[in-house]
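Welcome! Take a moment to turn the structure around before reading on, and keep the sequence at hand for the walk through it.

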Amino acid sequence: MNKITLFSLMALTMASFSCQTGNDHQDQEGSADSLTVNETAEAEAPSTFEVMLPSPLQIARIFQKAGLPFKKGLVNDPSKVSSYASTDVQTLNFGVYSADLSYLVLNKQSQDAFNQLKAVKELASSIGLSPIFNDAQMIASFEKNIGVEDSMITTLVNLQEKLHEVLEDGEQEHLNTVIFAGAWIEGMYLGSQSTGQDIMPGINSRILEQMAILGNLIKGLENQPNHSEMVAAIITGLKDIQTMYNGFASVKALDQSQDVELDQLQLTNEEKTALTEKIAQIRSSIIQG
């Protein structure tokens, strides 16, 4: 089956926080407004899958710029942190809470964001990433500047950069893909749930945009050393999403010989519902542990 990829999205997906530009809190939503159907794109994807994945903050920013409304009660309950026992479940939920944190900060939900930050910190300690939070001044600055969006976003950028440093120093870069898997699912969940069944055109486009990342995410997870049953189940779920999406009549109807404006691809209500429900199902398996 032909695969859909967004060539114009590559500039965005190549630019995770690890690129160290320090400008992620500015307008880095990318210009992913067209797509091309291409049979060989996945085969030509680089083997370093981590660098092909955007950060949770970038995904949240993309949805925010598209007009995603804030909906209270969607984020994962930070009190669940203590119930996550296995390393893979903790790592996936580290990604979930990271996405929630970005969603809350960008929507000026300051106190909830601070509670989510504490959940991220607790999970970081559980999975051996506590050095991320060694800079007490950085966390104090976040708390002191609650309500100051730019300052809070700067803290998120710094935390992401520190995460990459810690993973690299510990030769655990592969964990970044597991973390991103949790963040990707949560970002897609927030994007699809915040607007209900009648997903706004701009949000619809951004959700479809994110599907271009899915192939590399699956490959990165498949390359995990000694991945657990939990990660294997997530891979299966993500492949199910990919198969479902590629099988949608709206997607199959695209003219495969032409570049297509992303806004021209509109899923039917039935297709949106099926995609939303599948995303929610996988998300539930992660947050329930």
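## A helix and the turn after it

Just past the end of α2, Gly67 adopts a positive phi of about 95°. Like everything in this report, that value comes from a predicted model.

What about α2 itself, is it mostly covered or mostly open? Mostly covered: eight of its ten residues are buried. They are Pro56, Leu57, Gln58, Ile59, Ala60, Arg61, Ile62 and Phe63. Notice that Gln58 and Arg61 are on this list of buried residues too.

## The chain as a whole

Stepping back, you can count eleven helices and three strands in the chain. Starting at the N terminus, the elements follow the order β-α-β-α-α-α-α-α-α-α-α-α-β-α.

Of the 289 residues in the chain, 52% are buried. The surface that the chain exposes comes to about 12,300 Å², with carbon and sulfur atoms supplying 46% of it. Contacts also reach across the sequence: among those with a separation of 6 or more, 80% join residues 24 or more positions apart.

## Phe94, a residue to look for

Now find helix α3, which spans residues 87-106 and includes Phe94. Is Phe94 buried or exposed? Its relative accessibility is 4%, and because buried means under 20%, Phe94 counts as buried.

Which residues does Phe94 touch, leaving aside those up to four places away in sequence? Its partners are Val120, Leu123, Ala124, Ile127, Ile132, Leu163 and Ile179. One of them, Leu163, belongs to α6, the helix of residues 149-169. For a sense of distance, look at Phe94 and Lys121: they are 27 residues apart in sequence, while their C-alpha atoms are 8.7 Å apart in space.

## Empty space inside

Rolling a probe the size of a water molecule over the atoms reveals where empty space remains. How many cavities of 30 Å³ or more does a search of the whole structure find? The search finds five, and the largest has a volume of about 180 Å³.

That largest cavity is lined by 14 residues, and those nearest its centre are Ser98, Leu101, Leu156, Leu159 and Gln160. Three helices, α2, α3 and α6, each supply at least two residues of the lining. This brings back α2, the mostly covered helix from the start, and α3, the home of Phe94. By type, the lining of the largest cavity has eleven nonpolar residues, three polar ones and no charged ones.

How values were computed:
Residues are numbered from 1 along each chain as its sequence is written. This is a predicted model: local features need pLDDT of at least 70, side-chain atom pairs count only at pLDDT 80 or more; totals for chains, interfaces and linings use all residues. Side-chain values use heavy atoms; hydrogens and water are left out. Helices (H or I, at least four residues) and strands (E, at least two) are DSSP runs, numbered from the N terminus. Buried means under 20% relative accessible area, exposed over 50%, partly exposed in between (1.4 Å probe, protein chains only). Contact means heavy atoms within 4.5 Å. On a 1 Å grid over the protein atoms alone, a cavity is a set of points where a 1.4 Å probe fits but cannot get out, and a pocket is an open set with protein on both sides within 12 Å along at least five of seven lines; lining residues have an atom within 4 Å of a point. Grid points are joined across faces, edges and corners, and a volume is the space filled by probe spheres set on the points. Ala, Val, Leu, Ile, Met, Phe, Trp, Tyr, Cys and Pro count as nonpolar, Asp, Glu, Lys and Arg as charged, and the others, Gly among them, as polar. Accessible areas come from the Shrake-Rupley method with a 1.4 Å probe; for residues, only the protein chains shown count as cover.
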